[in-house]
2 protein chains.
Amino acid sequence: MLSLTEENYLKAIFSLNREVAESATTNAIAEKLDTKASSVTDMMKRLSKKDLVNYQKYQAVSLTKKGKEVAISIIRKHRLWELFLVEKLHFKWDEVHDIAEQLEHIKSTQLTDRLDAFLGFPDQDPHGDPIPNKEGQFPEDGRTTLSELNQKTSCKVVGVKDHSSSFLSYLESMDIELNTIIQIKTHHAFDSSMEILIEGKKEAHISKEVAQNLYVE
Amino acid sequence: MLSLTEENYLKAIFSLNREVAESATTNAIAEKLDTKASSVTDMMKRLSKKDLVNYQKYQAVSLTKKGKEVAISIIRKHRLWELFLVEKLHFKWDEVHDIAEQLEHIKSTQLTDRLDAFLGFPDQDPHGDPIPNKEGQFPEDGRTTLSELNQKTSCKVVGVKDHSSSFLSYLESMDIELNTIIQIKTHHAFDSSMEILIEGKKEAHISKEVAQNLYVE
DNA sequence: ATTAATTTTTAGACTACCCTAAAAGTAGTG
DNA sequence: CACTACTTTTAGGGTAGTCTAAAAATTAAT
């Protein structure tokens, strides 16, 4: 059984490594958890002994399989509770973080799974962040968004992530619908926007946000 | 800000003193919390310094006003969460205790009050125990049931909670009616039953259920 | 490549909470 | 009142987690 403190360390390491690889350094973790570097070193030794992190003196740490599972389960709980607070208890999306920060440590798989069901197996929290399912898979797992592809690639639209009518009508105006073939001509690095060719005939420029919300194969 | 451990001590003392006055002895608390007497002594000194308990060496402890408020707020949270688990997440009434034991320590008055509203301001948990309101009043406040009194106390019957004819005829058979004087001789801790003296003459044994359904003054 | 700046680790100490073993206090019994 | 049984407290120590200050290692810079 892990302590609240240990769980918070794992969560911090997970999120640092999500953003940029090799970034979970002693100092970075300390800053994230508002503690001191020496405390982090201490804890890394303990977590390493429990096979939750891979730790080597003076090097950035990474999570083991076991550590990753714990971290994901905490993120899952955090996001489910946030959604519960907003959707069922009518909190505003900016008021829920601190409460979810506490609720995420409640230990009961059954509780988490039933909460998940109660909320209708959602895949996004109130901030639009993905909620991993009970197997620890993030919703877009297996599904590729257009934004993940490189230029000169061709693909077929198989779904949308954002279901808002404004997004859908925007797609319609571009003649993009299910099964539309898209070729990426240029993928601009500076803003992640793209020049694409729709169905081999119509050229268009789409923003990063649009590319991130189109599932393709 | 109180620690989880401190909160659990306060809750234990509250419940011991509810059952029988002067019963929150070092040993009793230790047993209730599955810890050792020496640890309890330790904690009593700390809680006393924080003005949460009244502690004098070698004597049973009681809660201060502040201590009582904390204890009641924890009980409130525990019972609201239990009801949530049963009513909304469809847990069985016997599966919820351990989870509620964790949830009761979540610190957010707003959360508690919204959960209360979400559940429709209930006054009983799934086990039939009363849920204090946000002011810390138990639903039957203003009205005291016989079960809330300690042994050696004397009181007068002023009403019944259960109005069923079977209960009323049972009372009649015991010669208990409005304005009857009852003296509590013994309040058994193990099953909350009582030995009482009716109108100073007739001795009787009554169960917890009966005591809980008699309003007295 | 040696020095300087920065990061990380170690050493030693503190608090909260727990324990065991022994001492001290309280109560019951003849 | 003394003796025994029991309860409670003290004394001393352990672990988890924190800190500061100093030492060691790494990285950057001249």
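**DNA strand C**

I began with B:T35 in this predicted model: a polar side-chain atom of B:T35 lies 2.7 Å from a phosphate oxygen of DNA strand C. I then looked up B:Y9, where a polar side-chain atom is 3.2 Å from a phosphate oxygen of DNA strand C. For B:S38 the partner is a base oxygen of DNA strand C, with a polar side-chain atom of the residue 2.9 Å away.

I listed the surroundings of DNA strand C next and found 21 residues, of which A:K45, A:Y55, B:S3, B:T35 and B:R46 come nearest. I sorted the residues of this surface by class and noted six nonpolar, ten polar and five charged. At least two residues each are supplied by α2 (26–32) and α3 of chain A and by α1 (4–19) and α3 of chain B. I recorded α3(B) as the source of the largest share, five residues. Of the atoms of DNA strand C within 4 Å of the protein, I noted that 83% belong to sugar or phosphate, the rest to bases.

**DNA strand D**

I repeated the search for DNA strand D and found 21 residues around it, the closest being A:S3, A:T35, B:K45, B:Y55 and B:K57. For three side chains I noted the distance from an N or O atom to a phosphate oxygen of DNA strand D: 2.7 Å for B:K57, 2.8 Å for B:T41 and 3.3 Å for A:Y9. The elements giving two or more residues to this surface are α1 (4–19) and α3 (37–49) of chain A, with α2 (26–33) and α3 (37–49) of chain B. I recorded α3(A) as giving the most, with five residues. By class I noted six nonpolar, ten polar and five charged residues near DNA strand D. Sugar or phosphate accounts for 84% of the atoms of DNA strand D within 4 Å of the protein, and bases for the rest.

**Interface of chains A and B**

I turned to the protein interface, where 19 residues of chain B are in contact with 19 residues of chain A. The two chains bury about 1,700 Å² between them, and 71% of this is on carbon and sulfur atoms. In chain B, I found that B:L89, B:Q102 and B:R114 lose the most area to chain A, together 31% of what that side buries.

I checked for salt bridges across this interface, and the rule finds zero. I did find six residue pairs in polar contact between the chains, both residues at pLDDT 80 or more. On the side of chain B, I noted α4 (65–87), α5 (97–103) and α6 (109–118) as the elements that give two or more residues. Of these, α6(B) gives the most, five residues. I classed the residues of that side as eleven nonpolar, five polar and three charged.

**Salt bridges**

I counted 26 salt bridges over all chains. One that I examined joins A:K11 to A:E104, with the closest N and O atoms 2.8 Å apart. The pair links distant parts of the chain, 93 residues apart: A:K11 is in helix α1 of chain A, and A:E104 is in the loop between α5 (97–103) and α6 (109–118).

**Sheet of chain B**

I traced an open sheet of six strands in chain B, in the order β3-β8-β4-β5-β6-β7, with antiparallel pairing. β3 (144–145) and β7 (202–206) stand at the edges with a single partner strand each, so one side of each has no neighbour in the sheet. I followed β6 (residues 194–198), which pairs with β7(B) in the antiparallel sense over five bridges. Within β7(B), I identified B:E203 as the bridge partner of B:L197.

Conventions: Residues numbered from 1 in each chain as written. Chains lettered and ligands numbered in written order. Predicted model: local features only at pLDDT ≥ 70, side-chain atom pairs only at ≥ 80, totals over all residues. Heavy atoms only, no water. Contact = heavy atoms within 4.5 Å. Buried area = accessible area lost by both parts, 1.4 Å probe. Salt bridge = Lys/Arg side-chain N within 4 Å of Asp/Glu carboxyl O. Polar contact = N/O pair within 3.5 Å; in protein donor to acceptor, adjacent residues only side chain to side chain. Helix = DSSP H or I, 4+ residues; strand = E, 2+ residues; numbered from the N terminus. Nonpolar A, V, L, I, M, F, W, Y, C, P; charged D, E, K, R; others polar. Pairing = 2+ DSSP bridges. Near = heavy atom within 4 Å.
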